[in-house]
Each structure stands twice: as structure tokens, then as C-alpha cells.
Amino acid sequence: MIFLVADAARLLRAGYVLAREGVLSLVSPAAAPPLARPALRIARLIARRDAGSRSARFSAALSRLGPSYVKLGQFLATRPDVVGPTVARDLEVLQDRMPAFGQKLAEEIVTDAFERPVGEVFAVFGPPVAAASIAEVHKAEVVDPDGTRRTVAVKVLRPGISRRFTSDMASFRRLAAFAETTFAEARRLRLTSVVDTMARSVAMEMDLRLEAAAYTELAENTREDLDLHVPQVDWDRSSREVLTTEWIDGIKLSDKAALVAAGHDLKNIARIVMQSFLQQAMRDGFFHADMHPGNLFVDAKGRLAVVDCGIMGRLGLKERRFLAEILYGFITRNWRRTAEVHFDAGYVPLHHSVDDFALAIRAIGEPIHSRRADQISMARLLALLLEVTALFDMQTRPELLLLQKTMVVVEGVARSLDPQLDMWSTAAPVVENWIARNLGPVGQLQRAGVGLGEVGHFATEVPALLTRTARVMSQLDDATRDGIHLSPSSLEGIGRAEARGAFWGNAALWVIALALVGLWLR
């Protein structure tokens, strides 16, 4: 009951802020359920007159509601299947900018994290240069044992942020569970799974050791990519609350004038951005999922430098094969094969027809081939594919939605540098190389070798498996010989549950009885 009241209070506050900032005014009362129409009319009366554009309204409302809602908005931008493509596009531009929490607090957090004064950890610890919902970043300097002085970026977690997110996520989870018990569409979209995925993502962001590990893994995967640079992690000065990395001196991709003035080739940078992302996703199965211009720099060597590895995406071999064959199928206009890939991957239930799904794929693909190469968007292609999921009872695939969202951002960045960029010719070398290595003769032999290895491993485990099976059967025989016996703790738990049920049943009967007495006395 207490949780229900607290959730209702949070929901009312969120509704008021959304109404005040003009977000609810974007919803047409005619398109809403009858019970919601009066509330929407009231929302229009209390909305600000200078609410601004659609995206500005979302940004203002979620920023007022706090860090959890900013993260929720950013996450829902990856889920057009939940909020719709229009709202998802509005949320894509949501900026994760919050006020800095201050130099003094940051120094206290660093001191507590390393159990020594901040001056012993960093030679210079400057003021914050950027602040977001999870943490803020400071520019600092360190002195190595050999006397070398280095400039570093220090990311410091916001104080109390973990407790705030935990409370808000619990409310989101309860609301999602209520929606799933009430609405069939909510069950299809698996809203509780959506919240769980977001909660895991945020929990990982709030442990900066995991972000440090993501930096390291990304650096290892791309160490031979000469066009990409990943900052090194200073593990000696990193902890759960503090992350120290190499400072990047470069030009942000959002500053095109500075890039041109420095003599960089914008077309080449656009190519690097696109191919680097596809290599991470398809070759490595581990990609930077927040590649907006603020996280991308060009250093003096012309390399693309990426920062902020708090949000990363993973794709298994099945998902990578799916992505490669989808892209290749659309390039070759092999709609039947593209449909079969969905069924082979288990994304479409088998009671549906491959031919019907191929027809839906053709309806998406044929208009694409009537356009110029520089007008074709791979991100739009994936978005259209995801739009047909409801027609064929496809379960939501969060990893593919995160991929699609990141591809939208990456394409936007690449085309802002080169508006005529041909995505297909840029992606073709990466896609064809992956197909040749993984689906060609060499890949078939490699998979056969892995399969033989797994068979051999299973053969060595058979004796132990038989022994464990015999032990379980013996225990089951002993347990059922004289009937199944419950442990005292189990019996006690059943008794408590029955007592609670009897209590509330009796309480309900008393309420009914008192109501009847009241009516009789009247």
C-alpha cells in the first residue's frame, strides 16, 4: 500500500510537469481513450505559452523531473516500438546536461574513494568541464614515478545518485508490471523487460569500474584500426566512483569549421565514423552505443577518438549474422533470403508464412531501391523492419533496437560531415568482409572445428553426467517412497500465507457487514 501511494504521488508529479511543459498538449484528445480526454484538456490549460518545439518540451520536462527521467527519455529514444517513431525522434536530441555538483563535493568523493587527500592522487585537480545526470568530468594532471606529467580526464559519480536511481527504477518496474497485467500490447512489448534492461544499463553506468573495463575491451578490439583511438585508462586512479582516463586533445565533430580550418578531410572522417561503428558491431560484437558528436573527436593525427563508454552494446554471433545477411539481402534484393534469415534466427514464430513475411520485406525494400544511393538510410531500413514486428508476433529484441538507435546517430553524424555519403558503398567492404570470413568456406570450417570441440568436451562430461543422474534418481526415490515431506520452514511459510489470506478475507467481510448495518440504520 505504501509503495502504491508513493508510486501514485510520483506519477501525479510527473504528469503535472509533463502538462506544464507542454508535452501532454502534443497528444490529441480525440486519439486518446475516453477516460483520458478530460485530463488532456486540463493539461492544455496549464501548459506554458512559450513551450517551444516538440523536442524542447521533452527536454525541459525530463530535465525538471530529474536524472532518472532524463535517462528514461534517452532509453525510450531507442524504443520506437514502445513510444512510437515520432516521439523517439523527439527524444533522440535530449541532452544529458545537468548542473555541476561542485568542486568541494568532487574532492571529497575522490578522497573517500582512494582513502588519501586529493592532492596525493592528482597533482592538479581542476574545476568541472562537463556535467551529466550520472557524473561530472574534471580536467586534472598526474605525475608518474619517472617524473612524466600527464593531463587526464577524471569522471566523478554524483553523490547519492545510486539511491535515487534505485528508488525510481523500482517505481518504473511496478508501473510496467501493472501495465502488463492490464494491457495485452504492454505484454507484447514486454515493458517489465524494457525497465529491467534500462535498470541494468544504468547500474553499469553507475559503477565506473565497468566503464573502465569497457574502454579497455574496446581498445583491445580496435588496436589494429589505425583510424580509431580509444583513451587509455589509468587503473591506479580509478574506482567505483572515480574514472581516470587519458585526456583527448582534439576537435569535436560538431565543430565543422574548426575541422576544416585544421585541414581535415570531412569526407574521410565521415567514412571512418561509419566503418568504425560497423566494424565494432559486426566484427567485434561490442560497440559504442552513444556515438553523438559530443563524444567524438578528431586528434592531431586525423584519428577518430571516442570517449564516454558508459553505454555499450553487444551482439551475439546470431545477431551479427542476422545484421550482415539483412544488409546483404537488401543490397542484392533477395527478399526471400532476407525473410528466411528472420525465421532462422528465431525472431518470427514458425506458425507464420515465410512467403508472407518476404512480401512484407519486399514492401519495405522496393521503395529503397528506387532512390539514389546517398538517400538510402540503413538505420531507416532497420526501423522499418522493426515496424512490421507487430504483424508477425515478433518479440522485441532490445539489442537490435539499441543497434538501430546507434545507427541513426552514426548516420546523422556521418552525413552532417558528408551530405552525399553513399552508405551502401561505405558499408559494403565491412559487410562483405564479415560474410566472407564467417559465412564463406573459412567460416564454415571454423564453425565445424568449434562444433567438434564441443562434441569432444561433451563426451568427456558423459560419465560425470551419468553419475549425477543416478544420484538424483536415488534421491527422488527416497523422497517419494513415503510421500513428499515438507521442511519445517516450508510449512511455516504456508501457515503464514494462509493466515494473511484469512485476515484480509475476514477484514473484507467485516467491512461488508458494517456497510450493511449502516444502510439498515438509515
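Which strands does helix α7 lie across, and at what angle does it run to β1?

## Helix α7 and the sheet

In this predicted model, helix α7, formed by residues 103-114, lies across β1, β2, β3 and β5. Its direction makes an angle of about 115° with β1.

The strands beneath this heading belong to an open sheet of four strands, arranged in the order β1-β2-β3-β5 with antiparallel pairing. The edge positions are taken by β1 (124-131) and β5 (242-246), each of which pairs on one side only. On average, and with direction ignored, neighbouring strands of the sheet are turned by 30° against each other.

## Pairing of β3 with β5

Strand β3 spans residues 149-157 and runs antiparallel to β5, to which five bridges join it. Within this pairing, lysine 155 has leucine 243 of β5 as its bridge partner.

## Packing of α14 with α20

Two packed helices are described by the angle between their axes and the distance between the axes. For helix α14 (residues 266-284) and helix α20 (residues 423-438), the angle is about 30° and the axes are 10 Å apart. Because angles under 35 degrees count as roughly parallel, α14 is described as roughly parallel to α20. The crossing of α14 past α20 is right-handed.

On the α14 side, the contact consists of Arg271, Met274, Gln275, Leu278, Gln279, Met282 and Arg283. These residues meet Met423, Thr426, Ala427, Pro429, Val430, Val431 and Trp434 in α20. By class, the residues of this contact comprise nine nonpolar, three polar and two charged.

## Packing of α4 with α9

A further helix pair is formed by α4 (residues 67-76) and α9 (residues 161-182), which pack at an angle of about 60° with their axes 9 Å apart. The two helices are therefore oblique to each other. Their crossing is right-handed.

In this contact, α4 contributes Pro67, Ser68, Tyr69, Lys71 and Leu72. Their counterparts in α9 are Ile161, Arg164, Phe165, Asp168 and Phe172. The residues of the contact of α4 with α9 divide into six nonpolar, one polar and three charged.

## Summary of the arrangement

The sheet has the strand order β1-β2-β3-β5, and helix α7 lies across these strands. Of the helix pairs described, α14 and α20 are roughly parallel, whereas α4 and α9 are oblique. A right-handed crossing is found for α14 with α20 and also for α4 with α9.

Notes. Residues are numbered from 1 along each chain as its sequence is written. This is a predicted model: local features need pLDDT of at least 70, side-chain atom pairs count only at pLDDT 80 or more; totals for chains, interfaces and linings use all residues. Side-chain values use heavy atoms; hydrogens and water are left out. Axes are lines fitted to C-alpha atoms, for helices over the stretch in contact, and angles run from 0 to 180 degrees between N-to-C directions. Angles under 35 degrees count as roughly parallel, over 145 as roughly antiparallel, 65 to 115 as roughly perpendicular and the rest as oblique. A crossing is left-handed if the near helix is turned anticlockwise from the far one by less than a right angle, and right-handed if clockwise. Contact means heavy atoms within 4.5 Å. Ala, Val, Leu, Ile, Met, Phe, Trp, Tyr, Cys and Pro count as nonpolar, Asp, Glu, Lys and Arg as charged, and the others, Gly among them, as polar. Two strands pair if DSSP finds at least two bridges between them.
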